[in-house]
Amino acid sequence: MGLEPPVLAVENVFKRYQVSRGLLRPKRSLQAVRGVSLSVDKQRTLGIVGESGCGKSTLARMLLNLERPDEGDILLDGRSAGTVGRLDFSARVQPVFQDPYSTLNPRRTILETVMHPLRVHARGERNARETRAARLLDLVGLPRRAHHAHPNQLSGGQRQRVAIARALVLEPQVLICDEPTSALDVSIQAQILNLIQELQKEFGISIVFISHNLAVVEHLCDEVAVMYLGRVVENGPTADVMASPRHPYTKALLDSVLTPDVGLGLPDLQLGLEFPDPTNVPPGCAFHPRCPHREPVCSTEVPPACAQAGHGSECHFADRLAGAFAGPAAVCAGRG
Amino acid sequence: MAALLDIRNLHVRIPVGFGHVHAVRGVNLSVEAGQTLCVVGESGSGKSMSALSVMNLLPPRAMRDADRILFDGVDIAQLGPRQMAELRGNRIGMVFQEPMTSLNPAYTVGNQLMEVHRRHRGSSRSAAWARAAELLELVGISNPEMRLRQYPHQLSGGLRQRVMIAMALMCEPGLLIADEPTSALDVTIQVQILRLLRDLQRRLGIAVVLITHDLGVVARVADTVAIMYAGQVVETGSARAVFASPRHPYTNGLLRSMPKPGNGRGEPLQAIPGTVPSLLETIPGCAFAERCARADEACRVGPIATTIEERHSFSCNHPADIRAREEV
């Protein structure tokens, strides 16, 4: 860290969609992202955690410049994404998506798939491209005999390896991983997580890792941002956030991590039955209908936003709750 | 106590091309009334096929073969389609992973809930409606009368899964089979649904077979566990015994490959190398041998020793020592 600008930064970004409710009814506005600021430094990993509908995948699309924000800006090396140019941007920021079954072209061989970005970006001669693609496939641990296979001949884990090789073949600065392991089996998930970590060291890249699994994020990320209904409700160094959460939603997410400890039973999250609906964001603090610690002020006033640096929480009672969550009685069962 | 469901030596073969996939290779499972059995395994381990066998809902050309599938003393492997239809949804309820694909989008929630009761109990519309409203309330859905008039797409994922559970419980079954009921849900919703299942089980005294790949879930809800790999149960026993001292290298590997909260960053996870073997070919010895650090030549050829202890049994020639997990 220091004087260098972050490799990739999001500044006060908003994104709305219009959702149809049928032929004759007026469209409704869906507030996917409501004023998010985040940044990831060189060779660091930023985790973004949240449940469906919290805007994390919309944010990923904006980070990849696939979608322009309605307000705010995405900065790559301090320059606005709008001025960087699509081709240049895509060479420097590459995605790994969740579903390795739908992101590979079924008619291309594995080697062709990994060579394709080089061709689009006119890098090198055909031979050089092939050598480079083969080297990447070696690095991700795919056997040589698979190079001329088609995706349907590979397992889910192998496909995700191909997707990672394809993302890295252009030597990007940033990798955006949107739930890269949630479609994989447990034993394979660990292989892919280890691979991502190794390759980060090897290539010196920055990673934005989007997940709903806090245990995975804790394992992989330097910083973490917890999102709820389009806002970052808590952010900070991963270890701090995990050890002493300052937002009741983060606390609930942490409690939801089920460790394989017999006898601990199931935690009582006390979240009630309300369900977050991004087309109908509650006034005040968006989390208040589910919050076990809510007070009258929570339904009327929006809590102050997270600070950009350090460990921040978007909660009226962050300090009080931090104390309560850190108390011995509240220590997340089965940790340590 | 006699088991409510007792499966002995179940085989499932699915024809493909010239051969067949031997998806389930001699599985024994049993669950007692009021207990929870968790069947754990990765994709292709045969866990879903085993469950579908009980319901006789296997894919069209699949062949099922078992010494017996006893449900409440009756061998349901011998029952005809009509008798099976009488059991399904009536005495055995089932909840699937994807609530969106298992609910009919063209009918209201109420219609679909009522159908079960009207069909199996021959109840009147008003009685079935009242029962449906009662069940929605039981699974923690507020304003049930309004929900009954809604269509599946108007509900969130968590609500749909509650509706599925309500539907499975409409006729007070003795056994509930839940195939990955929470895998498609958000983590906080998962905990709520699991709590709901546990509360209902205690209140109604039903037996639950929960199929999952998540050992965290298993540890928190199971009475007994069966770990499946490549169509076989490799380790089974009381949850306490299996988690306190996993003996099969695959169980140990699964536990080690989970990221543990509180451990922080850095250390690579202990992944299990390799991939699951193809079940198109016969596997002579131990199916896990190719990925196992303890395997020797005898493991690849077979036969594999099965150790049966009081509350714990496993099939492995080189099982881990007791309480090996604490050394890790």
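Across the interface of chain A and chain B, 13 residue pairs are in polar contact, counting pairs with both residues at pLDDT 80 or more. Bear in mind that what we are looking at is a predicted model.

Let me stay with that interface. On the chain A side, the elements that give two or more residues to the surface touching chain B are α7 (186-203), α8 (214-220) and α10 (248-256). Helix α7(A) gives the most, with ten residues. Sorted by class, the side of chain A that touches chain B holds 22 nonpolar, 16 polar and eight charged residues.

Now the extent of the contact. Chain A puts in 46 residues and chain B puts in 47 residues. The area buried between chain A and chain B is about 4100 Å², and carbon and sulfur atoms give 57% of that area. Three residues of chain A deserve a name here: P260(A), V262(A) and L266(A) supply 17% of the area that chain A buries against chain B, more than any other three residues.

How many salt bridges does the rule find across the interface of chain A and chain B? It finds one. The side chains of D268(A) and R195(B) meet in it, with N to O at 3.9 Å. As background, side chains of opposite charge can pair when their charged atoms come close.

R195(B) is worth a second look. The residue sits in helix α8 of chain B, residues 187-204. Besides the salt bridge to D268(A), the side chain of R195(B) reaches the backbone oxygen of P267(A) at 3.1 Å. Leaving out residues up to four places away in sequence, R195(B) touches L266(A), P267(A) and D268(A). L266(A) has come up already, as one of the three residues that supply 17% of the area chain A buries against chain B.

Next, the salt bridges elsewhere. A search of the whole structure finds 29 of them over all chains. I will go through a few in chain A.

The first one I picked joins the side chains of R44(A) and D222(A), at 3.9 Å from N to O. R44(A) lies in the loop between β2 (28-40) and β3 (45-49), and D222(A) lies in the loop between α8 and β9 (223-228), so the pair ties together parts of chain A that are 178 residues apart in sequence. R44(A) is partly exposed, with a relative accessible area of 27%. D222(A), with a relative accessible area of 14%, is buried.

The next pair is E314(A) and R231(A), whose side chains meet in a salt bridge at 2.7 Å, N to O. This pair also links distant parts of the chain. E314(A) is in the loop between β11 (312-313) and α11 (318-326), R231(A) is in strand β10 (residues 231-237), and the two are 83 residues apart. Are these residues buried or exposed? Both E314(A) and R231(A) are buried.

Then there is a pair within one helix. R92(A) forms a salt bridge with D88(A), and their closest N and O atoms are 3.3 Å apart. Both lie in helix α3 of chain A, residues 86-92, four residues apart, about one turn of the helix. In general, an α-helix has 3.6 residues a turn, so residues three or four places apart point the same way. R92(A) counts as buried, at 18% relative accessibility, while D88(A) is partly exposed, with a relative accessible area of 34%.

Finally for the charged residues, K15(A), R16(A), D70(A) and E71(A) are linked in a network of salt bridges.

On to the nonpolar interior. The largest nonpolar core has 134 residues, and the members that touch the most other members are I164(A), F209(A), L113(B) and I165(B). The largest share of this core, nine residues, comes from α7(A). That helix is also the one that gives the most to the side of chain A touching chain B.

Which residues does L113(B) touch, not counting those up to four places away in sequence? They are A132(B), L136(B), L148(B), V163(B), A166(B), M167(B) and M170(B). Apart from the largest core lies another, of 35 residues, and among them are V12(B), L37(B), A62(B) and M84(B).

One last element, helix α1 of chain B, residues 47-55. This helix is mostly covered, with seven of its nine residues buried. The buried ones are K47(B), S50(B), A51(B), L52(B), S53(B), V54(B) and M55(B). After α1(B) comes N56(B), whose phi is positive, near 55 degrees.

Note on methods: Residues are numbered from 1 along each chain as its sequence is written. Chains are lettered from A and ligands numbered from 1 in the order in which they are written. This is a predicted model: local features need pLDDT of at least 70, side-chain atom pairs count only at pLDDT 80 or more; totals for chains, interfaces and linings use all residues. Side-chain values use heavy atoms; hydrogens and water are left out. Contact means heavy atoms within 4.5 Å. Buried area is the accessible area (1.4 Å probe) that two parts lose on being put together, summed over both. A salt bridge is a side-chain nitrogen of Lys or Arg within 4 Å of a carboxyl oxygen of Asp or Glu. A polar contact is a pair of N or O atoms within 3.5 Å; within protein, one must be able to donate a hydrogen and the other to accept it, and residues adjacent in sequence count only if both atoms are side-chain atoms. Ala, Val, Leu, Ile, Met, Phe, Trp, Tyr, Cys and Pro count as nonpolar, Asp, Glu, Lys and Arg as charged, and the others, Gly among them, as polar. A nonpolar core is a set of buried Ala, Val, Leu, Ile, Met, Phe, Trp, Tyr and Cys residues joined through side-chain atoms within 4.5 Å. Buried means under 20% relative accessible area, exposed over 50%, partly exposed in between (1.4 Å probe, protein chains only).
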